[in-house]
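Got the viewer open? Here is a tour, one selection at a time.

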Amino acid sequence: MKVGDLVELSAKGRKLWYCKFAKDKIGIVVEIKSKEHCMYPVRVRWFTGKPYARHLRSSLKFVSKA
């Protein structure tokens with residue numbers, strides 16, 4: 001995963017209560033920090049709803065092209 005990738009919540013992310021605002025939404029990765037500097041290293045700009053949020057890599061997946 002790198003800056004500029006389109007993402008959505010993975011199955012694991014949809015089960016997390018603190019990610020409920022991003023269900024069925026698409027976002028773009030705007031920043032990635034190392035795990036040592038930040039507990040949630042991937043910063044995502046969601047296109048609707050909450051403007052920015054930090055996530056674990058395991059709670060995100062790439063948007064399918066279909």
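Start by selecting Lys-61 and Glu-8: their side chains meet in a salt bridge, 3.7 Å from N to O. The term salt bridge here means a side-chain nitrogen of Lys or Arg within 4 Å of a carboxyl oxygen of Asp or Glu. This pair links distant parts of the chain, with Lys-61 in strand E5 and Glu-8 in strand E1, 53 residues apart. Helices (H or I, at least four residues) and strands (E, at least two) are DSSP runs, numbered from the N terminus.

Before you click on, a word on what you are looking at. This is a predicted model, where local features need pLDDT of at least 70 and side-chain atom pairs count only at pLDDT 80 or more, while totals for chains, interfaces and linings use all residues. Residues are numbered from 1 along each chain as its sequence is written, and side-chain values use heavy atoms, with hydrogens and water left out.

Are those two side chains out in the open? Lys-61 is partly exposed, with a relative accessible area of 33%, and Glu-8 is partly exposed too, at 22%. For these labels, buried means under 20% relative accessible area, exposed means over 50%, and partly exposed is in between (1.4 Å probe, protein chains only).

**Now switch to the cartoon view**

Keep Glu-8 selected and look across: Glu-8 stands opposite Lys-61 in E5. Strand E1 covers residues 6–9, and 3 bridges join E1 to E5, with the two running antiparallel. Two strands count as paired if DSSP finds at least two bridges between them.

Which order do the strands take in the sheet? Follow them as E4-E3-E2-E1-E5: 5 strands form an open sheet, and the pairing is antiparallel. Colour E4 (52–55) and E5 (60–62) next; they stand at the edges, each with a single partner strand, so one side of each is left without a neighbour in the sheet. Turn the model and look for the twist, which averages 45 degrees from one strand to the next. The angles come from axes, which are lines fitted to C-alpha atoms (for helices over the stretch in contact), and run from 0 to 180 degrees between N-to-C directions.

**Select Glu-31, Arg-43 and Arg-54**

How many salt bridges does a search of the whole structure find? It finds 3. You have met the one between Lys-61 and Glu-8; these three residues are linked in a network of salt bridges.

Take Arg-43 and Glu-31 to begin with: their side chains meet at 3.9 Å, N to O. Arg-43 lies in strand E3 and Glu-31 in strand E2, so the pair ties together parts that are 12 residues apart in sequence. Then go from Glu-31 to Arg-54, where the side chains meet in a salt bridge of 3.1 Å, N to O. Arg-54 belongs to strand E4, so this pair joins parts that are 23 residues apart in sequence. Colour by accessibility and you get partly exposed for Arg-43 at 28%, for Glu-31 at 24% and for Arg-54 at 29%.

Leave Arg-43 on screen and add Tyr-52. Arg-43 lies over the face of Tyr-52, at 4.3 Å from the ring centre. Add Arg-45 as well: Arg-45 lies over the face of Tyr-52 at 5.5 Å from the ring centre. A charge sits over a ring if NZ of Lys or CZ of Arg is within 6 Å of the ring centre and within 35 degrees of the ring normal.

**Select Trp-17, Tyr-18 and Tyr-40**

These residues form one aromatic cluster, and a search of the whole structure finds 2 aromatic pairs. Rings of Phe, Tyr and Trp (its six-membered ring) pair if their centres lie within 6.5 Å; planes under 30 degrees apart count as stacked, over 60 as edge-to-face and the rest as tilted.

Trp-17 and Tyr-18 have ring centres 5.8 Å apart and planes at 90 degrees, so the pair is edge-to-face. Tyr-18 and Tyr-40 are edge-to-face as well, 6.0 Å centre to centre with 65 degrees between the planes. Tyr-18 lies in the loop between helix H1 (11–15) and strand E2 (27–32), and Tyr-40 in the loop between E2 and strand E3 (42–46), so the pair ties together parts that are 22 residues apart in sequence. Trp-17 counts as exposed at 69% relative accessibility, Tyr-18 as partly exposed at 30%, and Tyr-40 as partly exposed at 26%.

**Last stop: Lys-50**

Lys-50 lies in the loop between E3 and E4 and is partly exposed at 42% relative accessibility. Draw a line from Lys-50 to Ala-22: they are 28 residues apart in sequence and 7.8 Å apart in space, C-alpha to C-alpha.
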